[in-house]
Amino acid sequence: MIPATTFKGKTVALFGLGGSGLATAKALQAGGASVIAWDDNPDSVARAAAEGVPTQDLRELDWSSVASFVLSPGVPLTHPKPHWTVGFARAAGVEIIGDVEIFVRERRAHAPDCPFIAITGTNGKSTTTALIAHILQASGRDTQLGGNIGRAVLTLDPPKDGRFFVVECSSYQIDLAPTLNPTAGILLNLTPDHLDRHGTMQHYADVKERLVAGAKTAIVGLDDSYCELIGDRIERAGTKVIRISKRQPLADGLYAEGSRIMRAEQGATSLLADLDGIQTLRGSHNAQNACAAIAACLAAGVSEEEIRQGLQSFPGLKHRMQPVGRRRQVVFVNDSKATNADAAAPALSSYERIYWIAGGLPKEGGIASLAPLFPRIVKAYLIGEAASAFAAQLGDRVPYEISDRLERAVAHAADDADRDGEASAVMLSPACASFDQYKNFEVRGDAFVSHVADLEGVTMLIDLPTGGK
């Protein structure tokens with residue numbers, strides 16, 4: 001835990017008592033703050049009270065005594081309309097912050113020079129975050145990984161000299177971190193997302209810009225117009241900017257040339273790394289992730305050789321284009337995190353011959369946008385509620401069967417791929433939510449891994465999920 005000592009002796013109101021909210025309340029208490037917490041869910045309030053966190057309906061609070069208001073990032077700050085607590089805080093002139101803001105204040109107070117790498121973007125931020133942390137850990141550095149990637153930032157070990165922090169930041173977290181100042185800040189890309197919470201694409205971009213605007217070194221993707229403009233704007237304001245691209249050579253910056261990651265300095269180019277053969281970093285989207293990770297690690301003082309070794313041993317992000325097993329020339333790929341068509345596209349783009357397992361609870365538009373990738377699909381195995389709709393969209397362009405259940409799809413796809421005799425991938429990339437048959441995409445992905453492990457002759461490339469074979 002990181003005790004929030006910068007709030008010692010202050011009264012802090014807090015709304016949102018999920019996992020990160022409860023962790024934040026305890027960090028504030030450990031640092032000497034007087035916490036008053038609430039949630040719209042009575043069960044969350046009861047749990048917090050049982051764990052020693054003072055609770056009170058914030059409608060009844062004397063806001064004149066409150067120094068700071070901590071809002072859960074899952075609670076609307078601006079759109080579609082501000083949460084009712086935001087109105088109380090603003091009327092009283094109380095600052096509204098989140099757990100990432102508390103972290104950056106603790107770092108400034110206790111170890112302002114400890115390396116802090118913050119990552120954001122619409123797509124790829126979790127893989128980039130995990131890759132950076134892996135390179136640092138593989139090189140023997142004391143590394144803390146958290147934020148939006150799964151572990152609440154205030155549950156990490158406290159900042160100290162020589163300790164590296166790698167923190168994935170969602171737009172919601174950035175919106176609640178007004179003094180965010182990473183050593184290296186990464187903005188990978190921007191496409192329309194979460195507009196129900198940000199109102200417009202421009203507001204969404206403005207929020208994302210704050211992460212790199214406050215960075216000592218900003219690493220910015222050039223492959224969309226929003227990011228390109230942001231890079232130019234913050235550079236004019238005095239921020240050091242390293243540009244990256246997966247599509248185009250650069251005169252200065254890092255870019256992908258196929259699987260090769262190149263560095264350009266004043267027009268002179270050199271090879272930094274080659275991703276060829278690294279199964280967990282296939283595809284142009286991962287070339288962009290690698291460019292960003294390499295740039296951040298170089299900015300943090302990691303050597304080129306340490307970076308290359310870390311890239312080679314990267315195990316991949318669980319449930320995201322994750323090679324989990326192999327039988328002869330067939331690799332089994334867990335891409336369960338692909339819960340819509342756009343999210344499935346990178347995996348389908350990364351293999352030439354695919355036995356595709358798809359379906360679940362369908363999203364609007366189905367798989368129509370994936371039509372340009374259909375020639376890569378040898379056969380599709382359709383499961384869940386979306387099976388019949390996906391069959392109609394595939395039509396006569398892709399052979400398919402309606403497998404219904406994942407276990408049957410894995411068995412049939414594995415047999416067909418084995419008979420094929422060519423290098424191919426049996427891939428779960430559902431392009432659907434999981435909720436028709438599974439609690440979440442993690443449970444679905446673990447089920448896929450277990451079914452693969454049950455096949456004869458498969459060499460597993462990862463440890464099995466708890467309870468697996």
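Biologist: Contact means heavy atoms within 4.5 Å. On that basis, which residues in α8 meet which in α9?

Modeller: From α8, M201, Q202, A205, E209, V212 and A213. They meet Y226, I230, R233 and I234 in α9. Helices here are DSSP runs of H or I, at least four residues; strands are E, at least two. This is a predicted model, so local features need pLDDT of at least 70 and side-chain atom pairs 80 or more, while totals for chains, interfaces and linings use all residues. Numbering starts at 1 along each chain as its sequence is written, and side-chain values use heavy atoms, without hydrogens or water.

Biologist: What is the crossing angle of α8 and α9?

Modeller: Roughly 45°, for α8 (201-213) and α9 (225-236). Their axes (lines fitted to C-alpha atoms, over the stretch in contact; N-to-C angles from 0 to 180 degrees) come within 10 Å.

Biologist: New topic. What is the strand order in the nine-strand sheet?

Modeller: β6-β7-β5-β8-β9-β10-β11-β12-β13, open, with mixed pairing (at least two DSSP bridges). β6 (143-147) and β13 (268-274) are the edge strands, each paired on one side only. The twist averages 20° from one strand to the next.

Biologist: How do β11 and β12 run, parallel or antiparallel?

Modeller: Antiparallel, with five bridges joining β11 (253-257) to β12 (260-265). In one of them, E257 partners R260 in β12.

Biologist: Which helix packs on that sheet?

Modeller: α10 (284-299) does, touching strands including β5, β11 and β13. Its direction makes about 150° with that of β11.

Biologist: And S44: buried or exposed?

Modeller: S44 is buried (under 20% relative accessible area, 1.4 Å probe, protein chains only), at 14%. S44 sits in α2, residues 42-50.

Biologist: What does S44 contact beyond four places in sequence?

Modeller: L17 and D39.

Definitions and conventions: Buried means under 20% relative accessible area, exposed over 50%, partly exposed in between (1.4 Å probe, protein chains only).
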